[in-house]
Amino acid sequence: MGKRIAILGSTGSIGTSALEVVSALGSGYEVIALSARDNIELLERQCLQFRPAVAAVANPHKHRAFQTAMKGFPGRILSGPEGLVEIASLPEVDIVLTAVVGAAGLPAVLAAARCGKTLAIANKEPLVVAGKLLTETARAGGATILPVDSEHSAIFQALQAGRHEEIGRIILTASGGPFRGATAEQIREVTVEQALNHPTWNMGPKITVDCATMMNKALEIIEAVWLFDVPVDKIAVLVHPESIVHSMVEFIDGSVVAQLGAPDMKLPIQYALTWPNRCRGAGTRLRLEELGRLSFEPPDRRVFRSLDLAYEAARRGGSAPVVFNAANEVAVEEFLAGRIRFPMITELVEDCLNKLPGGDAATLDEILEVDRQTRRTARETIRQTA
């Protein structure tokens with residue numbers, strides 16, 4: 001049976017890899033819709049290659065330029081966040097792969113869940129900031145949520161070896177980023193260039209900085225709570241520099257089931273698109289005989305305090321994960337712009353968690369209001385400390 005796919009965020013690293021996967025899978029996988037925020041030049045090339053029925057430019061200021069460039073394009077061209085919502089709701093779409101950085105794609109993700117789509121989620125924010133709302137909406141709409149993150153895809157695959165009640169703990173693996181083994185003193189002097197020099201993965205700047213602070217893993221802790229319906233205290237983190245074991249599940253009998261693969265996002269993307277089947281495709285083959293050794297170590301939680309903050313936010317629940325995510329987004333943006341130093345990313349997240357009162361954020365409007373309030377608070381804190 002063929003699958004018809006919409007990709008939200010098609011010009012980012014996940015989106016471009018997803019299109020490579022679709023090309024490798026061949027017939028039976030059709031691209032119905034693509035979207036981008038700013039990179040309209042690449043979106044234009046993608047539309048010319050894949051001929052989607054619909055394209056959307058999330059940044060309304062780039063919409064007219066894209067329309068001009070795509071004169072003669074037979075498909076529809078949409079604009080703004082509402083364009084993403086329309087794509088996610090298209091009746092002819094089976095799978096919505098969402099790879100929109102930040103909380104901006106949340107309305108579209110919820111729309112896809114309401115419409116009963118298969119949701120392949122590559123970005124962490126929907127489940128971090130709206131885990132309860134999204135999972136309840138998916139349940140009511142008959143939608144299926146599939147993880148695309150390599151770690152959560154690994155857990156999803158490993159969980160097929162046992163029943164939910166047999167889970168002992170989930171073990172998320174982390175590369176350790178570029179500052180594995182660094183001291184708190186060394187971390188204080190980190191530059192943007194150093195933070196963007198990831199030893200294993202090739203990703204966009206925001207996610208790469210999140211890996212450097214281990215905020216990426218912190219967000220994955222909160223995401224796993226909702227994806228796999230487990231308490232946060234059943235989720236552990238191990239540093240695994242080789243990035244071959246993507247994550248593990250330890251069952252109550254002591255068995256540990258792991259998923260191994262080359263550090264290549266094409267494999268988890270492909271599994272989300274072909275599930276419940278496996279197919280030959282674009283993934284890089286793993287050569288076990290060439291690995292040498294695999295190593296594991298606990299993270300240094302004194303240096304990478306983002307992990308403890310994530311556990312705290314998950315235990316608090318309600319609006320705390322929204323605050324956690326929004327404060328981090330602002331902090332990373334300010335760090336990349338050279339306006340704050342590297343340690344302040346984590347400090348700002350902690351400050352916002354302490355300043356903003358906890359409470360429920362049960363609806364999309366409430367979530368977005370907490371998000372806006374957090375961003376205002378974070379920017380005000382930065383202004384006061386500048």
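**How the labels on this predicted model are earned**

Reader: Why is Asp229 called exposed?
Author: Its relative accessible area is 58%. Exposed means over 50%, buried means under 20%, and partly exposed is what falls in between, using a 1.4 Å probe and protein chains only. Asp229 clears the upper cut-off at 58%, so the label is exposed.

Reader: What should I keep in mind about where these values come from?
Author: This is a predicted model, so local features need pLDDT of at least 70 and side-chain atom pairs count only at pLDDT 80 or more, while totals for chains, interfaces and linings use all residues. Residues are numbered from 1 along each chain as its sequence is written, and side-chain values use heavy atoms, with hydrogens and water left out.

Reader: Where does Asp229 sit, and what makes its backbone worth a look?
Author: Asp229 is in the loop between helix H11 (215–228) and strand S9. Its phi is near 55 degrees, a positive value in a residue other than glycine. Arg51 gives another case, with phi near 50 degrees, and it belongs to the loop between helix H2 (40–50) and strand S3 (54–57).

Reader: Why is Arg51 called partly exposed?
Author: Arg51 has 44% relative accessibility. That is neither under 20% nor over 50%, so partly exposed is the fitting label.

Reader: How do you know how many helices and strands there are?
Author: They are DSSP runs numbered from the N terminus: H or I for at least four residues makes a helix, and E for at least two makes a strand. On that count the protein chain has 16 helices and eleven strands.

Reader: What makes the chain as compact as a globular protein?
Author: Its radius of gyration, taken over C-alpha atoms, is 20 Å. The globule rule, 2.2 Å times the number of residues to the power 0.38, gives 21 Å for 386 residues. The two values are close, so the chain is as compact as a globular protein of that length. The C-alpha trace spans about 55 × 50 × 40 Å along its principal axes, and 55% of the residues count as buried.

Reader: What makes strand S8 largely enclosed?
Author: S8 covers residues 167–174, and six of its eight residues are buried, so the rest of the structure largely encloses it.

Reader: How do you know which strands S8 pairs with?
Author: Two strands pair if DSSP finds at least two bridges between them. S8 has five bridges to strand S10 (residues 245–251), in the antiparallel sense, and five to strand S9 (residues 235–239), running parallel. Both counts reach the cut-off, so both are pairs. Arg169 stands opposite Glu250 in S10, and Leu172 faces Val237 in S9.

Reader: What does S10 do besides pairing with S8?
Author: S10 also pairs with strand S11 (residues 256–260), antiparallel and over five bridges. Ser247 has Gln259 in S11 as its bridge partner. Four residues lie between these strands in the hairpin, where Gly254 takes a positive phi near 95 degrees.

Reader: What kind of peptide bond joins Trp275 and Pro276?
Author: A cis one, with omega about 10 degrees. Pro276 is in the loop between helix H12 (266–274) and helix H13 (306–316).

Reader: Why is Asp149 called buried?
Author: Its relative accessible area is 8%. The cut-off is under 20%, so Asp149 is buried. Asp149 is in the loop between strand S7 (144–147) and helix H7.

Reader: What does Asp149 touch?
Author: A contact means heavy atoms within 4.5 Å. Not counting residues up to four places away in sequence, Asp149 touches several residues, including Ile121, Lys124, Glu220 and Pro268. Its C-alpha atom is 9.5 Å from that of His246, 97 residues away along the chain.

Reader: Why is Glu166 called partly exposed rather than buried?
Author: Glu166 has a relative accessible area of 22%. Buried needs under 20% and exposed needs over 50%, so Glu166 counts as partly exposed. Glu166 is in the loop between helix H7 (150–158) and S8, and it touches Phe251 and Ile252, not counting residues up to four places away in sequence.

Reader: What label does Glu136 get, and where is it?
Author: Glu136 lies in helix H6 (residues 125–141). With a relative accessible area of 38%, Glu136 is partly exposed. Arg114 is 22 residues away in sequence and 9.7 Å away, C-alpha to C-alpha.
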